[in-house]
Amino acid sequence: MKVKDIEARTEELIIPILDRMGFELYDVEYVKEGQDYYLRAYIDKEGGINIDDCVAVSREMNELIDVEDFGSDEGYIFEVSSPGLGRVLKKDKHFEKSLGLDVDIKTYKPINGSKEFTGELTSFDKDTITVTFDDGVEIFNRADIAQIKLTIDF
């Protein structure tokens, strides 16, 4: 199976479990790290996810994965996790929930002499992300952004 197929099938299997438990699916990723492949489901709920929530979802999902027997020939490690405080924003629903919050942006190439920016996410569309800084506004092309995540303030 292709990466996108594995991620899509994982979403199909996990969403009914999450709906029943009152959680939401933040994201699914299938990635290679070092020698191992990881299939990760990031889950969330109002007030945040804890380890017991992750364990409960993982147990149910592992049973389904065993029955379905889908994945790659390489095998993988399945993990359930919270997206964390500094969560990466990938999908429009992530941007929608993060409007008005501070974000950290890393770009592939320098823009005005820098590749890292921190400011308030003020708007987005399918092609651009708009961020407000103390000294102005910058509109970034999505294609130029390597990563955008919530800023962690302590």
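The structure holds 15 salt bridges, and since this is a predicted model, each one is read from modelled side chains. A good place to start is helix 1, where Lys4 and Glu7 pair up through their side chains, with N to O at 3.5 Å. The two sit three residues apart in helix 1 (residues 3-21), so about one helical turn separates them. The partners differ in how much of them shows: Lys4 counts as exposed because its relative accessibility is 63%, while Glu7, at 11%, counts as buried because that value is under the 20% cut-off.

Another bridge reaches much further along the sequence. Asp27 pairs with Lys91, and here too the closest N and O atoms are 3.5 Å apart. This contact ties together distant parts of the chain, since Asp27 belongs to strand 1 (residues 24-33) and Lys91 to the loop between strand 3 and helix 3, 64 residues apart. With a relative accessible area of just 6%, Asp27 is buried; Lys91, at 28%, is partly exposed. Neither residue stands alone, as both belong to a network of salt bridges that also takes in Glu11, Glu29, Glu33, Arg40, Glu79 and Lys90.

A further bridge joins the side chains of Asp53 and Lys45, at 3.0 Å from N to O. Again the acid is the buried partner, with Asp53 at 11% relative accessible area, and Lys45 is partly exposed at 27%.

Next comes the empty space. The largest pocket has a volume of about 150 Å³. Its lining is made up of Val88, Leu89, Lys90, Phe95, Ile129, Arg142, Ile145, Ala146, Gln147 and Ile148. Sorted by class, that comes to seven nonpolar residues, one polar and two charged. Strand 8 (residues 145-150) provides the largest share of the lining, four residues. Lys90 turns up twice in this account: it lines the largest pocket and it is also a member of the salt-bridge network.

On the outside, Leu85, Ile152 and Phe154 come together as a nonpolar surface patch, and between them they offer about 440 Å² of accessible area. Leu85 is found in the loop between strand 3 (77-81) and helix 3 (92-98). It counts as exposed because its relative accessibility, 68%, is over the 50% cut-off.

One backbone angle also deserves a mention. Most residues other than glycine have a negative phi. Asn112 goes the other way, with a positive phi of about 55° although it is not a glycine. Asn112 lies in the loop between strand 4 (102-111) and strand 5 (114-124), and with a relative accessible area of 70% it is exposed.

At the other end of the accessibility scale is Ala41, in strand 2 (residues 36-44). Its relative accessible area is 0%, so it counts as buried. The C-alpha atom of Ala41 is 8.1 Å from that of Thr10, although the two residues are 31 positions apart along the chain.

Conventions:
Residues are numbered from 1 along each chain as its sequence is written. This is a predicted model: local features need pLDDT of at least 70, side-chain atom pairs count only at pLDDT 80 or more; totals for chains, interfaces and linings use all residues. Side-chain values use heavy atoms; hydrogens and water are left out. On a 1 Å grid over the protein atoms alone, a cavity is a set of points where a 1.4 Å probe fits but cannot get out, and a pocket is an open set with protein on both sides within 12 Å along at least five of seven lines; lining residues have an atom within 4 Å of a point. Grid points are joined across faces, edges and corners, and a volume is the space filled by probe spheres set on the points. Ala, Val, Leu, Ile, Met, Phe, Trp, Tyr, Cys and Pro count as nonpolar, Asp, Glu, Lys and Arg as charged, and the others, Gly among them, as polar. Patches are made of residues with over 30% relative accessible area and no salt bridge: like charges are joined within 9 Å, nonpolar side chains (Val, Leu, Ile, Met, Phe, Trp, Tyr) within 5 Å. Accessible areas come from the Shrake-Rupley method with a 1.4 Å probe; for residues, only the protein chains shown count as cover. A salt bridge is a side-chain nitrogen of Lys or Arg within 4 Å of a carboxyl oxygen of Asp or Glu. Buried means under 20% relative accessible area, exposed over 50%, partly exposed in between (1.4 Å probe, protein chains only).
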